[in-house]
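Reader: I should be grateful for a close look at a single part of this structure, namely its open sheet and what surrounds it. Please give the account as one connected description.

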Amino acid sequence: MLIVGDTHGDTVNLPALLDYCWDQGCSNIVQLGDWGYVWPGKFRQSEVSVLLQNRGIHMYFIDGNHDHHPYLRLLPNSLNNVAPNITYLPRGSYCTIEGSRFASLGGAASIDYATRIEGREYWRDLECVNQNDVDKLEEGADILLLHDSPDYMPEFPLVDDTTFNLRVDNNKALISQAIETVRPELIFHGHMHLKSFRRYKGIPVKGLDCMAGRGYEIKPFDQFTYVI
């Protein structure tokens with residue numbers, strides 16, 4: 001399967017991504033939040049579904065901070081809950097794909113919240129991880145899917161925004177609690193728009209870059225994808 005970083009609703013580069021997925025012998029994509037193909041006034045799940053069905057690929061995704069949270073909260077925890085070949089993995093849920101058990105915990109704080117309209121482009125009370133999300137988790141998953149980075153990466157120093165920094169602190173504290181509960185063998189995350197492989201509390205962490213905004217030429221694919 002192919003693990004993919006932020007897509008932000010990018011339909012221009014999606015066909016090339018799906019072709020790459022097929023070339024790698026993968027029939028499943030697991031995407032790490034900021035999926036973005038459902039957005040107020042720009043619902044594209046039918047278009048994405050057709051592209052996936054034509055290539056025989058199923059796409060699973062978690063939510064990020066830049067996702068349509070009210071819509072996603074209404075979806076059942078079931079296969080194809082968005083459209084044929086598209087499954088949203090709710091926070092605190094588990095899913096087995098190709099023999100690997102995944103635990104899902106999307107969400108993060110939006111650094112650009114001041115430029116967004118709350119309730120239409122930004123949902124302050126829904127975007128970050130909360131205690132209820134973490135309490136749904138239990139021990140026993142091969143891979144933990146995150147949107148936010150579990151650690152403070154040196155490439156991203158704290159910004160001069162106390163409100164934002166407090167929300168980031170709280171989000172990472174809850175993620176740390178989730179990791180202690182789940183005890184996964186591997187962690188994936190997006191959000192930072194940077195490829196970064198490292199360890200956190202002894203667990204391998206693979207952060208992936210963002211696909212969106214790369215223009216027509218999106219190679220190298222391995223900046224924002226990982227084959228497992």
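Author: The description below begins with the order of the strands and then turns to a helix and to one residue of the sheet. The model is predicted. Its open sheet consists of five strands in the order β4-β3-β2-β1-β11, and their pairing is mixed. The edges are formed by β4 (86-88) and β11 (225-227); each has a single partner strand, so one side of each is left without a neighbour in the sheet. Averaged over the sheet and with direction ignored, neighbouring strands are turned by 20° against each other.

At the β11 edge, strand β1 (residues 2-4) and β11 run antiparallel and are joined by three bridges. Within this pairing, Val4 has Thr225 of β11 as its bridge partner. Helix α1 (residues 14-23) packs on the sheet, where it touches β1, β2 (28-31), β3 (58-61) and β11. The direction of helix α1 makes about 150° with that of β1.

Strand β3 contains Tyr60. With a relative accessible area of 8%, under the 20% limit, Tyr60 counts as buried. Apart from neighbours within four places in sequence, the contacts of Tyr60 include Asn28, Ile29, Val30 and Gln31. Further contacts of Tyr60 are made with Leu79, Thr87, Leu89, Cys95 and Ile97. Phe102 stands 42 residues from Tyr60 along the chain, and the C-alpha atoms of the two are separated by 11 Å.

Note on methods
Residues are numbered from 1 along each chain as its sequence is written. This is a predicted model: local features need pLDDT of at least 70, side-chain atom pairs count only at pLDDT 80 or more; totals for chains, interfaces and linings use all residues. Side-chain values use heavy atoms; hydrogens and water are left out. Two strands pair if DSSP finds at least two bridges between them. Helices (H or I, at least four residues) and strands (E, at least two) are DSSP runs, numbered from the N terminus. Axes are lines fitted to C-alpha atoms, for helices over the stretch in contact, and angles run from 0 to 180 degrees between N-to-C directions. Contact means heavy atoms within 4.5 Å. Buried means under 20% relative accessible area, exposed over 50%, partly exposed in between (1.4 Å probe, protein chains only).
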